[in-house]
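Q: Please take a close look at the place where two of the chains meet, and then follow the description outward into the surrounding parts. A formal, connected account would be welcome.

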Amino acid sequence: MKPAQYHESVEERAKQLRVVGRAVPSVDAPAKVTGRACFNVDLRFPGMLHAKAARSLHPHARLVKVDTSSARRHPGVVAVLTAADVPGLNRFGDYIADQPVLVAEGATVKMVGDPIALVVAETERAAAEAAELIEVEYEELTPIDDPEGALDPNAARVHPEHPGNLCGEPVIVEGGDLARGFAEADVVIEACYSTQRQEHAYMEPEAGVAVAEPDGGVTVYAGTQAPMQVRANLATAIGLPEHKVRIVPVTMGGAFGGKIDMSVHPGLALMALKTGRPVRWAWTSEESFVASPKRHPAVGRLRLGATRDGRITALEADWILDGGAYASQSPAVVRCTVGYTFGPYRIPNYRVQGRVAYTHNPISGGFRGFGGPQSAFAIESAMNKLAERLGIDPVGLRMRNILQQGEVPPWRALVMHTPVTVPRLLQRALELAGPAPRSAAGPLRVGRGLAVTMPVFDNSGGAVPLLKGTGLRLEVTGDGGAIVRFESAEYGEGVATALAQMTAEVLGIEPQDVSCVLGDTAAVPKSGRAVGSRQVYCLGNAMLAAAAELQERLFLVAGERLEASPAALMLAERCVVVRAEPSRRVALGEVVQACRVRGINTEANAFYAASHAPLGHTFCAAVVDLAVDTETGKISILKTVSVLDVGRVINPGMLRGQMHGGEIQAMGFALMEDMRTEDGRLKTPTLVEYLVPTIMDIPEESTMDTLELPDPTGPFGAKGAGEHTTKDLAPAIVHGIHEAVGVWIDDLPATPERVWKAMQRAASQTPKPHKEREWSTSNLEV
Amino acid sequence: MSALLPLRLTVNGRTREALVDAGRSLVDVLRDDLGLTGTKVNCRLGECGTCTVLLDGRNVHACLTLAVHANGRNVTTIEGLAGEERLHPIQQAFVEHHALQCGYCTPGMILSAKALLDETPRPTRREIQHGLTGNLCRCTGYEQIIEAVAAAAHGVRSPKEGGS
Amino acid sequence: MEYVEPRSLSEACDALSDERSDAKVLAGGVALSIMMRWGLVKPGRLISIRYLEELRYARVDNHQALRIGAATTHREIETSSLIREQQPALAEMERRLASVQVRNSGTLGGNLCHADSAADPAPLLLALDASVVLASVRGRRTLSLKEFFRGYLTTALAPDEILAEIVIPAQPPRSGAAYMKHSTRNAVDFPFAGVATQVSLSTDAASCAGARLAVGAVGPTPRLSESIPRLLDGRLLSEPVIGEAATAASLEVEVADDASGSAEYRRHLVAVLARRALTQAWERARAAAAPERS
């Protein structure tokens with residue numbers, strides 16, 4: 001059956017789904033609970049050498065002299081590499097190739113942690129000791145650390161070739177008549193929202209091993225979310241033909257968008273080629289903090305106009321993102337920041353601009369939500385403020401402005417082809433949340449907040465056409481099992497499990513009959529990056545296409561064997577079965593063997609190429625109940641409810657994990673996580689200073705629910721789901737704080753001190769009586 | 001350079017020996033000298049908990065434990081938990097309850113859970129949280145971890161598949 | 001680096017007196033491992049007292065003082081039924097210190113010797129009027145904890161001395177103690193501010209017979225409030241009186257803006273925590289007085 005036909009009968013088939021929709025355990029869970037799973041840091045090769053980088057201590061300085069002579073003499077040292085040892089371009093970057101593998105003598109370092117030299121030694125300790133012996137003479141230069149100032153056309157430049165420190169082009173989305181829109185407005189909410197730098201703090205820092213191959217090529221065993229792009233970038237950066245580079249992504253201890261760019265990869269390849277021996281390079285946690293990309297700090301000035309009865313008339317916004325020293329994913333991230341500023345709302349007149357500034361701060365790049373959490377916080381907070389100003393219920397205000405199926409949102413013109421379920425999600429969330437909390441006597445004030453978002457799931461990580469196709473190879477084995485090969489990476493998102501389930505479903509076998517080969521660039525077709533909540537949708541569609549092709553061949557052979565027309569057959573119970581007479585069947589493995597004898601290919605390649613970059617829309621609603629300690633400003637999250645429409649759920653257990661995990665990252669973003677810098681230097685260099693939520697910080701009660709409206713274009717009706725809860729929780733929390741104590745927090749994170757200070761300021765102004773809101777779902781009917 | 005110290009300890013029931021520097025941490029001896037890479041390593045500051053092992057039954061950070069302090073003692077790592085045929089009930093519960101994603105915190109998390117359940121066989125939600133404070137997880141949001149530990153404690157099998 | 005594991009305290013003192021100045025006494029090794037990892041200390045010799053049974057105990061002596069061996073772990077104190085009964089505030093404080101793993105390795109003695117200004121135990125022990133027993137080949141001496149802390153990461157320990165025992169004197173009749181701390185997260189963090197207090201009541205349980213209050217995590221070293229005894233001793237206790245005293249205690253502390261927060265906020269928090277700690281200690285003192293009055 002062709003995918004299109006499949007979708008036509010999606011509802012019918014849903015009733016018969018055996019494997020899809022079940023909370024089967026992750027395929028890699030047994031290895032991970034026993035310690036057998038091999039992560040990057042666990043790689044051990046015979047005769048392996050160890051590496052350590054000498055990194056810049058300054059955010060901006062010219063390297064006057066790099067003296068490696070003492071390091072070279074240190075016992076155990078095998079090689080010391082500098083920029084002079086990099087044969088290729090010595091630059092890389094997905095959108096702008098501006099990041100050096102190693103900074104050369106005479107050139108300038110642009111951030112603390114820029115690598116200057118690599119030491120390879122017999123032991124990790126010798127490498128570390130020798131790296132300390134590398135003498136670097138710096139001529140310190142003034143760092144540019146303020147993104148707004150950096151965008152001044154006359155500002156000093158981080159990269160000489162980028163005047164005004166503009167990283168990529170400004171992104172402007174405009175339509176309607178802004179002046180008229182604001183003229184029609186009875187009220188205008190004006191606010192400046194700022195969000196902070198957030199660190200992924202994945203539990204496994206970057207690591208890997210490279211091996212020089214006898215043919216002059218190199219194999220790099222190291223995790224990445226984008227194996228094929230790393231292959232291409234690595235080849236140019238170090239001057240190898242791409243066909244001599246093999247990337248084998250190893251299971252990663254977390255990624256969250258922070259492992260899209262190259263990290264250890266080019267350095268490892270250089271060192272292995274130089275020494276001819278396997279080389280291991282594992283970054284310390286501090287190195288990972290200093291050298292890996294973060295979530296962009298962002299400042300957004302917003303004007304939102306509406307009529308007295310709560311109809312939005314105009315939206316204007318200007319975003320400045322701190323890109324740090326190198327472009328990384330910035331040009332794509334800023335598009336999402338601009339896009340998410342629109343929310344799921346009908347806005348007739350608008351102009352939203354976004355710019356990324358180069359600075360000498362740490363690199364900003366991809367991070368789950370990809371620019372969306374910043375602007376979702378802004379627009380949802382502005383909507384909640386608007387509701388307050390107009391004296392309209394925040395639920396009702398949203399209903400008045402929500403987009404409808406068939407409409408085309410301003411950002412990335414893709415018609416909304418599924419029902420816009422935001423009202424239903426919000427209603428469900430409020431029902432699940434139950435009665436709103438009431439403050440008791442004492443210093444704690446409680447409040448309820450809400451927010452909604454409309455995440456797109458994306459084919460390319462921000463509409464920049466890096467790739468728009470998803471290759472996949474499906475093989476049926478002689479014993480009736482299946483192997484699915486695709487570019488991807490396993491970092492906990494569970495792509496292999498989802499693919500095993502979907503493949504088992506369509507082939508009439510069980511998930512344990514399916515193995516996935518992920519990412520090894522020598523073994524898989526190009527399928528695109530593991531980003532943008534795209535994998536289940538794109539790979540699922542590709543798999544269905546491959547399965548349809550295979551099925552046709554299998555049924556041809558099986559039909560002869562069973563003396564039945566191929567159209568009368570189906571795949572079930574590891575057999576090809578005559579639909580009308582299920583006892584007439586032949587084992588799938590036998591059919592495969594028969595195909596082999598007949599010279600019929602039992603492997604199928606599929607290439608799913610969506611015609612549109614954003615693949616579709618999903619919908620989320622969040623309700624948060626919280627308590628503010630009015631004396632300390634500290635927030636306790638009492639209850640969260642998240643309801644998502646992500647189409648058909650492939651694995652509810654894993655989806656729930658994605659939702660809870662995203663929610664706690666968003667809670668960290670809202671309340672505590674803040675990778676602060678001063679003059680380009682990290683003030684929170686370790687997990688001691690950089691606070692990520694512990695198990696004691698989670699909501700007392702957390703409910704997740706889904707509305708399963710199948711998307712007719714998705715595999716089994718599925719849409720993307722990986723990033724969604726990262727967007728709506730922060731504005732819901734800030735709304736809850738306002739409901740509790742009457743102050744708006746426009747700058748994240750809402751740390752205890754910030755909340756307390758906002759309350760102090762409010763108290764010094766005219767106090768207004770605070771009344772608790774009556775929450776009901778009746779406002780939904782507008 | 002001072003002489004290396006002979007170390008003799010019991011790891012997962014087996015006597016193991018190594019020669020170590022006095023300043024060497026237990027996590028490095030386990031991972032590099034004894035090849036037991038199931039114990040993870042990250043911050044080396046006692047914050048993340050990925051290196052958690054049991055030392056004489058108590059969960060400790062192997063990164064902040066000098067190897068010499070394990071001399072003559074019993075160390076349990078994640079490799080020592082499962083039987084020949086079957087997973088330990090906590091491991092089984094983690095698998096069934098989707099209590100892991102990337103899996104990097106999982107060995108430490110499971111060992112802290114074991115230390116907790118050995119001391120408090122029927123913990124409340126709050127007690128589970130207290131027992132696992134020293135183990136960061138960046139993927140799961142902890143909720144399914146708490147469910148798995150509770151299920152392991154109460155001998156509960158996974159919820160009926162299919163529901164969310 | 002050399003490593004020695006003495007079999008007794010006197011052997012440990014001998015080892016430490018061995019004219020080497022770069023020796024470090026090692027208990028749980030938590031702080032020392034971190035200091036060594038950061039290259040802040042490079043001892044030539046480690047003398048481990050972690051497993052010295054002689055230093056791992058909690059007992060009540062003839063004078064009703066609670067005596068705790070220096071190598072007793074935080075977790076042992078937290079779970080000790082004797083301590084939970086004798087000094088519940090101490091067990092509570094330990095339960096909120098860092099994480100289970102740190103509490104299983106770290107020792108009370110090691111924590112005090114590290115003298116981190118943001119440590120949890122110090123303010124409580126100061127409020128409880130604890131003292132420490134220091135041992136060396138020269139003999140033993142007892143110092144009040146107030147004398148023991150000299151400054152940031154600095155104590156009165158002589159190079160050849162080992163902290164052997166922590167002594168918490170018998171608590172006054174009709175008394176209660178409490179420790180309150182503020183941190184951004186609910187676990188693991190060092191306190192941003194910590195306040196501990198002990199309040200005892202007069203025989204009629206109405207007025208304060210004695211009060212001590214110590215502030216931690218603010219300034220270079222934990223310190224006792226001077227104003228609290230002056231303001232509370234002999235006073236009829238009430239919420240306003242306690243509030244006033246708490247504010248006075250907060251005005252005493254030296255605060256400065258730093259990366260983790262402003263001076264203004266820190267001082268405010270000291271006042272809030274002081275009021276909460278005094279209130280809880282007062283409640284506990286009243287509860288302790290209740291049976292004797294009924």
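A: The account below begins at the interface of chain C and chain A and then turns to the cores, a covered helix and selected side chains.

The model is predicted, and every value given here is computed from it. At the interface, 20 residues of chain A are in contact with 21 residues of chain C. The two chains bury about 1900 Å² between them, and carbon and sulfur atoms account for 52% of that area. Polar interactions are also present: the rule finds 15 residue pairs in polar contact across the interface of chain C and chain A, both residues being at pLDDT 80 or more. On the side of chain C that touches chain A, helix H12 (residues 263-293) of chain C gives the most, with 7 residues. By class, that side of chain C comprises 7 nonpolar, 8 polar and 6 charged residues.

Charged pairs form a further part of the picture. The structure holds 75 salt bridges over all chains, and 4 salt bridges are found across the interface of chain C and chain A. Arg276(C) forms a salt bridge with Asp629(A), and their closest N and O atoms are 2.9 Å apart. This pair crosses between chains, with Arg276(C) in helix H12 of chain C and Asp629(A) in strand S28 (residues 619-629) of chain A. The two partners fall into separate accessibility classes: Arg276(C) has a relative accessible area of 21% and is therefore partly exposed, whereas Asp629(A), at 9%, counts as buried because the limit is under 20%.

A second salt bridge lies within chain A, where the closest N and O atoms of Asp645(A) and Lys719(A) are 3.7 Å apart. It links distant parts of the chain, the two residues being 74 residues apart: Asp645(A) belongs to strand S29 (residues 635-645) of chain A, and Lys719(A) to the loop between strand S32 (701-706) and helix H19 (725-741) of chain A. Both Asp645(A) and Lys719(A) are buried.

In chain C, Glu53(C) forms a salt bridge with Arg56(C), with the closest N and O atoms 3.8 Å apart. Here Glu53(C) is exposed, with a relative accessible area of 57%, while Arg56(C) is partly exposed at 23%. Elsewhere, Glu119(B), Arg75(C), Glu78(C), Arg95(C) and Arg103(C) are joined into one network by salt bridges that share partners.

The nonpolar interior is considered next. The largest nonpolar core has 272 residues, of which Ile733(A), Ile737(A), Phe94(B) and Leu90(C) touch the most other members. Beyond its neighbours within four places in sequence, Phe94(B) is in contact with Val33(A) and with several residues of chain B, among them Leu100(B), Met109(B), Ile110(B), Ile145(B) and Val149(B). A second, separate core of 56 residues includes Leu474(A), Tyr537(A), Ala546(A) and Val591(A).

Phe94(B) is also one of the buried residues of H2(B), together with Ile90(B), Gln91(B), Ala93(B), Val95(B) and Glu96(B). Helix H2 (residues 89-96) of chain B is mostly covered, since 6 of its 8 residues are buried. The cover over these buried residues includes helix H3 (29-34) of chain A, as well as helix H3 (106-119) and helix H5 (143-154) of chain B. Just after H2(B), His98(B) takes a positive phi of about 55°.

Within chain A, Phe377(A) lies in helix H12 (residues 372-390). Its relative accessibility is 0%, so Phe377(A) counts as buried. Apart from neighbours within four places in sequence, Phe377(A) is in contact with Tyr193(A), Ser194(A) and Thr195(A), with Ala730(A), Pro731(A) and Val734(A), and with Ile745(A), Asp746(A) and Leu748(A). Phe377(A) and Gly343(A) are 34 residues apart in sequence, and their C-alpha atoms are 9.9 Å apart in space.

The last site is a loop residue of chain C. Ser202(C) lies between strand S12 (193-201) and strand S13 (208-216) of chain C. At 16% relative accessibility, Ser202(C) counts as buried, because the limit is under 20%. The side chains of Ser202(C) and Asp204(C) are joined by a polar contact of 2.4 Å. Not counting residues up to four places away in sequence, Ser202(C) touches Arg174(C), Ser207(C) and Ala209(C).

Technical notes
Residues numbered from 1 in each chain as written. Chains lettered and ligands numbered in written order. Predicted model: local features only at pLDDT ≥ 70, side-chain atom pairs only at ≥ 80, totals over all residues. Heavy atoms only, no water. Contact = heavy atoms within 4.5 Å. Buried area = accessible area lost by both parts, 1.4 Å probe. Salt bridge = Lys/Arg side-chain N within 4 Å of Asp/Glu carboxyl O. Polar contact = N/O pair within 3.5 Å; in protein donor to acceptor, adjacent residues only side chain to side chain. Helix = DSSP H or I, 4+ residues; strand = E, 2+ residues; numbered from the N terminus. Nonpolar A, V, L, I, M, F, W, Y, C, P; charged D, E, K, R; others polar. Core = buried A, V, L, I, M, F, W, Y, C linked by side-chain atoms within 4.5 Å. Buried < 20%, exposed > 50% of the residue type's maximum accessible area, 1.4 Å probe, protein only.
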